[in-house]
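Please look over the structure below. The report after it covers cysteines, charged pairs and one helix.

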Amino acid sequence: MEKLIFIDHLKCVGCATCEMVCSLVHEEICSPALSRIRVVRYPTEAYNVPITCAFCESPPCVAVCPTGAIEKNLDTGDVAIDFALCIGCRQCVQACPFGHMNFSFARGTAFKCDLCGGNPQCVEFCWTEALQYVPLERALGDKRQAAARNILQHG
Amino acid sequence: MKRIVINPQACNGCGICQLVCSACKAGQWHPAFSRIKIKQMREYNINVPVVCQHCSQPPCETFCVMNLIYQEPLEGYVLRREERCIGCRACEIACPFSAAVFDPIKEAVVSCDLCGGNPACVSNCPEGALFYMDEEQTADSKRRQTSRLKLIPSSAAGLSRRASL
Amino acid sequence: MRIMIVGNGAAGNQAAASLRKYDSQCEIVMVDRESYMAYSACALPDVLAGWIPLGKTFLQQESDYSGLNIRTCFGQEVNEINLENQYLETGEEKYYYDRLILATGSKPVIPPLPGSQLPGNFVVKSPADIEQILLHKPRKVVVVGAGNIGVETAAAMNNRGCTVYLMEMQDRIMPLLYDPKPAAIIRSMLEKEGIQISTSQRATRVIGEQQVEGLLTEEQTLTCDTVIWAAGVRQNTELAQKAGLKIGSLGGIEVDKYMQTSHRWVYACGDCVQTSQVFTGKPALSLLWSSAKSQAEAAALNCLGQAVKYEGSCSLVIEEITGVPCAAIGLNLQGLQDYEVKVIEHHDADRYYRLLTVDDRIAGFQCIGSIEGAGAIFNLIRKGTTLSEVRRMLLNPQLISSMAWYIDGAKYL
């Protein structure tokens, strides 16, 4: 994939803006339960970890789906659900190693991050920059720089 | 909407779920009458309980020639009007989970009905391989598992928590 | 919005049920020339066999329709469809519609041979047929056509205590479902039950004065008092044709992936349509209960404005021959004649199976004796996963425990 959502959970304050924006954009209501990106909060330790689709190269969700409703597009890298084929068996929910795959009983189908078609809104609205939509090299470059600074600072 | 969620890593293949199910549902003490089945892959020492997933668009419902499979209106459980079954077994092949089981005494196909809301297999599993929970809980527990993994490296490396702010 | 459905079979009833499930407000009207409540045509051979009473084949009662607010006009035959002004005309009434779903089904063909109209000639399609056959008190039966229906009918009449002769035009029984080897295994199972079978036989005439007394083929004369024709069906497309809707090359109403006919307000589903096969993509007729229901669900959703594609048909036919389950899924060698097919076969005392693959993709599966795991194979055929991909997944213990659905199917690979 050209760009991916990179998460620096150390910057996440658990404000839920991403969850509200995502659900608003996709479902037209502010409801974290309907958001694709979800933040796991540890209030006592003050950690917050946003979890979203990793767009795996060899997605377990694609493998376990009995009807082939989930497909990996080898050109764009996108992993998308064909709702017409989804039978609502929830194996993808259980197979996703990250717990990203969501399921809506109201609709009877699974749902997942679709990168908002290339302009992910969660990234757009994340004011702490915990979420970034960047090419792999950029993200790695940033991480290396941050690590280097740390080493220099702390000896 | 609660469904039976399986943790295959915890299953040791003891088969108590099969015995309890057959006892509760068929008055028998034999895995052949159980609606939950343990599938094994001996090469990897893997035991996986397989049971009806109560899908939202059940393929078995489409294939039933007697239209006896239906979804209960409140919780969406996939249920059968067993007395109508002529035993054609088409649903057994339609089901990707092999969750439809042929009862040779009734000469009808049966499947898990979640014991009306208190599944006996779940309450009797000694290993914690079966859970009865809704989709929010399932996804949430997986996310917590993942986030725990993400948190370990940061604390272990001793990096300051708010390094860049 | 008023949606009219012509047909009270599997497709018509599923269309009505799906429409009501997704839209509680629309007006649904069903019309059918038969007065019967919905019945399962697939269960009729079981009635002939004496295993179930005819009453058990009925699936709906009046109250089921009224409970869902579905208006039924059974016993009325539609004479004309006026596409331009959007109405149907029966003998009694004119019905205007906003959308129309045609589910007119198919009917078995009795070839126009001499004597084929004599009393004692039957088909197996509706409860009336069953009543007539039983009233006739058959003793020596010839079943013409050894497809799925012919075989089930022959086994049923044999179970009833009749002397049964099963005849087939092609060189093996169930030629559209099974390859020669499994067909031969099934044939010997049937013959062991006392059913006489001959293939490569074509019926030429039915003999008798007042009623059936025998059947002539090109080679022999068979004495019998009953002839049951299971030699093929014809799609009921006269209405559609008369209205000007496009009929496809195989004789079914032509529909696109959204079950829409050549007229944008008219949809069609079930036996009367032609769609495409899920593997080859070629035009195909899928005369199965399950295909009728999937197509009807798609037609209903599209009718309501939700664009839903029908993925194409994949055959799944299962029968119990003398208590032994036999299943044919997808395409057989005949259906895959334009492709290079690899066959994985296994035969032992307990069971027989064969897996047909094309370019490493599973395209067909036939099994006798055990259907365990056939579900996983069925879904793999529809999903289109290659065998190497499947084997790769099987080698991954992490993944396999999530693919519980697959473990049973693994034994076939």
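What follows is a short account of selected local features. The model is predicted.

**Cysteines**

No disulfides turn up: the search of the whole structure finds zero over all chains. Cys14(B) is in no disulfide, and its nearest cysteine sulfur belongs to Cys125(B), 6.2 Å away. Cys14(B) is partly exposed, at 41% relative accessible area. For Cys21(B), the closest cysteine sulfur is that of Cys115(B), at 6.4 Å, which is too far for a bond. The cut-off for a disulfide is 2.5 Å between sulfur atoms. Cys21(B) is buried, with a relative accessible area of 11%.

Chain C offers another cysteine. Cys26(C) sits in the loop between α1 (10-22) and β2 (27-32) of chain C. Its relative accessibility is 3%, so Cys26(C) counts as buried. Which residues does Cys26(C) contact, leaving aside neighbours within four places in sequence? They are Met1(C), Ile3(C), Leu19(C), Arg20(C) and Leu304(C). Arg2(C) is 24 residues from Cys26(C) along the chain, yet their C-alpha atoms are separated by 6.0 Å.

**Salt bridges**

The count is 29 salt bridges over all chains. Three of the pairs are tabulated here.

| Pair | Closest N to O | Citation |
|---|---|---|
| Arg148(B) and Glu45(A) | 3.5 Å | Salt bridge |
| Glu82(B) and Arg35(B) | 3.5 Å | Salt bridge |
| Lys282(C) and Asp338(C) | 2.8 Å | Salt bridge |

Take the pair Arg148(B) and Glu45(A), whose closest N and O atoms are 3.5 Å apart. Arg148(B) lies in helix α5 (residues 135-157) of chain B, and Glu45(A) in the loop between β2 (38-42) and β3 (47-51) of chain A, so the pair joins two chains. Both residues are partly exposed: Arg148(B) at 41%, Glu45(A) at 37%.

Glu82(B) and Arg35(B) form a salt bridge. This pair links distant parts of the chain, 47 residues apart. Glu82(B) is in the loop between β5 (78-80) and α3 (90-94) of chain B, and Arg35(B) in the loop between α1 (16-26) and β2 (37-41). Glu82(B) is partly exposed at 25%, whereas Arg35(B) is buried at 4%.

In chain C, Lys282(C) and Asp338(C) meet in a salt bridge. They too lie in distant parts of the chain, 56 residues apart. Lys282(C) is partly exposed at 34%; Asp338(C) is exposed at 59%.

Salt bridges with shared partners also join Glu19(A), Arg38(A), Arg41(A), Glu136(B) and Arg143(B) into one network.

**Helix α10 of chain C**

Helix α10 spans residues 387-394 of chain C, and its buried residues are Leu387(C), Val390(C), Met393(C) and Leu394(C). Seen down the axis, these fall within an arc of 120°, so they line one face of the helix.

Conventions. Residues numbered from 1 in each chain as written. Chains lettered and ligands numbered in written order. Predicted model: local features only at pLDDT ≥ 70, side-chain atom pairs only at ≥ 80, totals over all residues. Heavy atoms only, no water. Buried < 20%, exposed > 50% of the residue type's maximum accessible area, 1.4 Å probe, protein only. Helix = DSSP H or I, 4+ residues; strand = E, 2+ residues; numbered from the N terminus. Arc of directions from axis to C-beta. Contact = heavy atoms within 4.5 Å. Salt bridge = Lys/Arg side-chain N within 4 Å of Asp/Glu carboxyl O.
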